[in-house]
Amino acid sequence: MSVIRITDPPAGPTLMLHGQSDEGLMALVATGHKLAFDTLVRRHLQLAYGTAYRVSGGIDHEDIVQEAWTKVWLTAPSFQPAKAKFTTWFYRILVNTAIDRARQRKPSATIDWDMLPDNGLSPEAALSENQQLGELHDAVRHLPDRQRAAITLCYEQGMSNKQAADVMGMNIKALEGLLVRARRTLKDILTPKQEGGAHARQS
Amino acid sequence: MPDNHDFNTQDPELAQRLRRLPYPAPPADLADRIVQFATAQQQQKPPFRLGDAMTRFFAQLLAPLPAGMPQKSAFACVLVMIMAVGSLAPEIGTGQISSSQTAYSIEDDESYLVTALAYDDTLYELEGM
């Protein structure tokens, strides 16, 4: 009888791992397969990092990402693909970790102007554009934790309301309520500033 | 990135502006640090769940049954297989099995002859009639 051993293979089979689904990789991670875990981390790092940054309000987002991935590694044997997609399960861990961290400390990060893309506008137009983005960034940062999380998941991750509701452990109606309140709050914060800004630019 | 129609149709202008918000890029060595830190921890063993264990057990039993078999017949077959395994168990591994055990399950006008034969200690064959 042949015995199949699952071990960390050399570099060659890495390409095969890249073709695996998230759930397939998780099945390997549950057996202690470090290379599968590495593949999974790299596949989702960019979006996970951005989500942690936004939901936490810019607080310790690097630590949050590391903590969430450590939880993934530790609890991988408990992951049940029949109950939830990997992304739903993972983002639930990430968002909860980020919200917990944000509750411990007030959001403090201001926008890093170096992050702003070069959009090819004239210096004057770029300044106006960046000012608006900075105001929006601050407004999102000051939303209540769960509203900020809902906005981030639905906008940044492009999740459907159903998936975002699953991630946040609530029903769709509750999530839609959060989104409505978040949008209202953002408009309340932004409208006077931008109208003022428009008047200032016109005068 | 897929569009979130739910969100965009509610407030497309705000969605578009939110989409332009910049994000910091993760440090180049972050993935390495995460993997190194996380995998240094001991993985937890999965909690034992009776329901899951029973589901896996019956899934393995049902796997060789013909597709499309009525549910009651399938259930009867499983019962027969359990009985067969129970009665054959003492002989399994001794190489003394020479006969098959049969049972009938009747569902409406259909009947299934279930023949449980032991091959290599574990394999059972079913024949629908």
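**Exercise 1. Which salt bridges does Arg42(A) take part in across the interface and within helix H3 of chain A?**

Step 1. Start at the interface: the side chains of Asp32(B) and Arg42(A) meet in a salt bridge, with N to O at 2.4 Å. The rule asks for a side-chain nitrogen of Lys or Arg within 4 Å of a carboxyl oxygen of Asp or Glu. Keep in mind that this is a predicted model, in which local features need pLDDT of at least 70, side-chain atom pairs count only at pLDDT 80 or more, and totals for chains, interfaces and linings use all residues. Residues are numbered from 1 along each chain as its sequence is written, chains are lettered from A and ligands numbered from 1 in the order in which they are written, and side-chain values use heavy atoms, with hydrogens and water left out.

Step 2. Now look inside chain A: Arg42(A) also meets Asp38(A) in a salt bridge, at 2.6 Å from N to O. The two residues are 4 apart in helix H3 of chain A, so about one helical turn separates them. Helices (H or I, at least four residues) and strands (E, at least two) are DSSP runs, numbered from the N terminus.

Step 3. Compare the surroundings. Arg42(A) is partly exposed at 41% relative accessible area, while Asp38(A) is buried at 16%. Here buried means under 20% relative accessible area, exposed over 50%, and partly exposed in between (1.4 Å probe, protein chains only).

**Exercise 2. How many residues does each chain bring to the contact, and which element of chain A gives the largest share?**

Step 1. Count the residues: chain A brings 54 and chain B brings 38, where contact means heavy atoms within 4.5 Å.

Step 2. Turn to area. The two chains bury about 4,200 Å² between them, with 62% of it on carbon and sulfur atoms. Buried area is the accessible area (1.4 Å probe) that two parts lose on being put together, summed over both. Gln66(A), Tyr155(A) and Arg183(A) supply 17% of what chain A buries against chain B, more than any other three residues.

Step 3. Add the polar side of the story. The rule finds 2 salt bridges across this interface. It also finds 4 residue pairs in polar contact there, both residues at pLDDT 80 or more. A polar contact is a pair of N or O atoms within 3.5 Å; within protein, one must be able to donate a hydrogen and the other to accept it, and residues adjacent in sequence count only if both atoms are side-chain atoms.

Step 4. Find the elements. Helices H3 (34-55), H4 (61-75), H6 (123-141), H7 (145-156) and H9 (172-202) of chain A each give two or more residues to the side that touches chain B. The largest share, 12 residues, comes from H3(A).

**Exercise 3. Why does the salt bridge of Arg101(A) and Glu67(A) tie together parts far along the chain, 34 residues apart in sequence?**

Step 1. Locate the pair: the closest N and O atoms of Arg101(A) and Glu67(A) are 2.6 Å apart. Arg101(A) lies in helix H5 (residues 86-104) and Glu67(A) in helix H4 of chain A, so the pair joins parts 34 residues apart in sequence.

Step 2. Check accessibility: Arg101(A) is buried at 16%, whereas Glu67(A) is partly exposed at 31%.

Step 3. Widen the view: Asp60(A), Glu67(A), Lys71(A) and Arg101(A) are linked in a network of salt bridges.
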